[in-house]
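Please open the model in your viewer and get ready to select residues by number. We will take a short walk through it, one selection at a time.

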Amino acid sequence: MSESSADPTLDMSEGRFHQLLGPEPDPAFLSASELESGWGRRWGAQDEVGRLRVAMLRRPSTILEQVAELGEAAWSPELGAYLDPDRRWYWAGHALPDLNLLNEQFDQLVATLRAEDVEVVMAPQLPDHSKAVFTRDPLITVPGGAVIGRLAARMRRGEEQSITQTVAAAGMPVLATITGLGLVEGGSFVKVRPHLAFFGTSVRCNAEGHRQLAAILLEQGIEVKRFQMPGYQIHLDLCMAMIDDDLAVVNSRIAPYDLLVELGELGIETVEVAPEEDWACNLLTLDRRRVLFPAHLPRTAELLSTKHGVEIVPVEYREMNKNGGGIHCSTMELQRDW
């Protein structure tokens, strides 16, 4: 039954009730008062360096137990990795996974975040998705909410639904979803300025994904600049990380040249990772010049600390690198101060 027919004795001819009760387009959706009153908090982030308040993580999948079970039967000399015959997982290097160590290091990552007063939202574990621990990829976040991406690899399809359910259950607005033939993964999206983001197209993120994402974020006043990743490099977070408004860590050996030029033109100083420390860009900024950093990469950490005044919060997370990701891959910001 509609409002107008609920009580036939009411005279609604002059629309007095509707005039009294609305509409109220102001204040706008992104205003602090509107988000806090309607959605519980000021969700999202306008950059990668504001004070981190809420992060989403997911425990490693139990399917990784199959790596140890299959052992040498799954070894691929051509790839230098263990490979599931059904293509649901791979594990880099010849050392079999130490699952106790893997889970201990994950627990330490969660504990460190909580010790930094970061609220941790846990997505449900997915037993058949070996890469689902990398919560960075199924979405991006911007001021006001999340855009759900579309993962490239068949082995990861289905993560998007559980991530959508997780952020929605937390109370975060879902602003849009990538559809059609678009491919967008959050590891290749970097908020560089409040109104500018970088997006790396690659074997995992395509031009159609960029087209959709750029159109969605244009409505939010954000330009999305596209850069082509070299070769089979997959994500921007392997080659750059913002640690302050005017400071970024880069790995120029795998970064798109045009991206490096753009950083310079924006007045952003770049710090090159130390040789043999290619995972050093895969960090998590907790606040401006305070970062969660891989403990096994001391040379880059020392450079950042001594020459650039960056506070390093070390975390042991090396075992997860063999699964194809690191600290940044395993954490997704749902709220930063903005």
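The tour below visits a strand, a sheet, a pocket and two cavities.

**Stop 1: strand S10**

Keep in mind throughout that this is a predicted model. Start by selecting residues 196–201, which form strand S10. Is this strand largely enclosed or not, and why? Buried here means under 20% relative accessible area. In S10, 6 of the 6 residues are buried, so the strand is largely enclosed by the rest of the structure.

Now show the side chains. In a regular strand, side chains alternate between the two faces of the sheet. Leu196, Phe198 and Gly200 point one way from S10, while Ala197, Phe199 and Thr201 point the other way. Whichever way they point, all of these residues are buried.

**Stop 2: the partners of S10**

Add residues 189–193, strand S9, to your selection. S9 and S10 run antiparallel and are joined by 4 bridges. To find one opposing pair, look at Arg193, which stands opposite Leu196 in S10. The connection from S9 to S10 is a hairpin through 2 residues.

Next, add strand S11, residues 223–228. How many bridges join S10 to S11? There are 6, and these two strands run parallel. Here the pair to pick out is Ala197 and, opposite this residue, Val224 in S11. Include helix H6 (residues 207–218) as well, and you have a right-handed β-α-β unit made by S10, H6 and S11.

**Stop 3: a sheet of 3 strands**

Clear the view and move along the chain. The strands to show now form an open sheet in the order S15-S16-S17, with mixed pairing. Its edge strands are S15 (284–287) and S17 (311–315), each of which pairs on one side only. On average, neighbouring strands in this sheet are turned by 30 degrees against each other, direction ignored.

Zoom in on S15 and S16 (residues 290–294): they run antiparallel, with 3 bridges joining them. Leu284 stands opposite Leu292 in S16, a good pair to label.

**Stop 4: the largest pocket**

Switch on a surface for this stop. The largest pocket holds about 690 Å³ of space. Which residues are closest to its centre? Select Tyr90, Arg204, Ile234, Asn323 and Gly324, which come closest among the 28 residues of the lining. Strands S3 (81–83) and S4 (90–92) are the elements that give two or more residues to this lining. By class, the pocket lining has 14 nonpolar, 6 polar and 8 charged residues.

**Stop 5: the cavities**

Go back to a cartoon view with sticks. A search of the whole structure finds 4 cavities of 30 Å³ or more, and the largest cavity has about 100 Å³ of space. Of its 14 lining residues, Glu48, Ala241, Met242, Leu283 and His328 are the closest to the centre.

You will meet some earlier strands again here: S9, S12 (240–244), S15 and S18 (332–336) each supply at least two residues of the lining of the largest cavity. S12 gives the most, with 3 residues. This lining divides into 8 nonpolar, 2 polar and 4 charged residues.

Finally, visit the second largest cavity, with a volume of about 50 Å³. Select Trp279, Asn282, Pro294, His296, Tyr317, Arg318, Asn321, Gly326 and Ile327 to show its lining. These residues divide into 4 nonpolar, 4 polar and 1 charged.

Methods: Residues are numbered from 1 along each chain as its sequence is written. This is a predicted model: local features need pLDDT of at least 70, side-chain atom pairs count only at pLDDT 80 or more; totals for chains, interfaces and linings use all residues. Side-chain values use heavy atoms; hydrogens and water are left out. Buried means under 20% relative accessible area, exposed over 50%, partly exposed in between (1.4 Å probe, protein chains only). Two strands pair if DSSP finds at least two bridges between them. A crossover is right-handed if, with the strands pointing away from the viewer, the path from the first strand over the helix to the second runs clockwise. On a 1 Å grid over the protein atoms alone, a cavity is a set of points where a 1.4 Å probe fits but cannot get out, and a pocket is an open set with protein on both sides within 12 Å along at least five of seven lines; lining residues have an atom within 4 Å of a point. Grid points are joined across faces, edges and corners, and a volume is the space filled by probe spheres set on the points. Ala, Val, Leu, Ile, Met, Phe, Trp, Tyr, Cys and Pro count as nonpolar, Asp, Glu, Lys and Arg as charged, and the others, Gly among them, as polar. Axes are lines fitted to C-alpha atoms, for helices over the stretch in contact, and angles run from 0 to 180 degrees between N-to-C directions.
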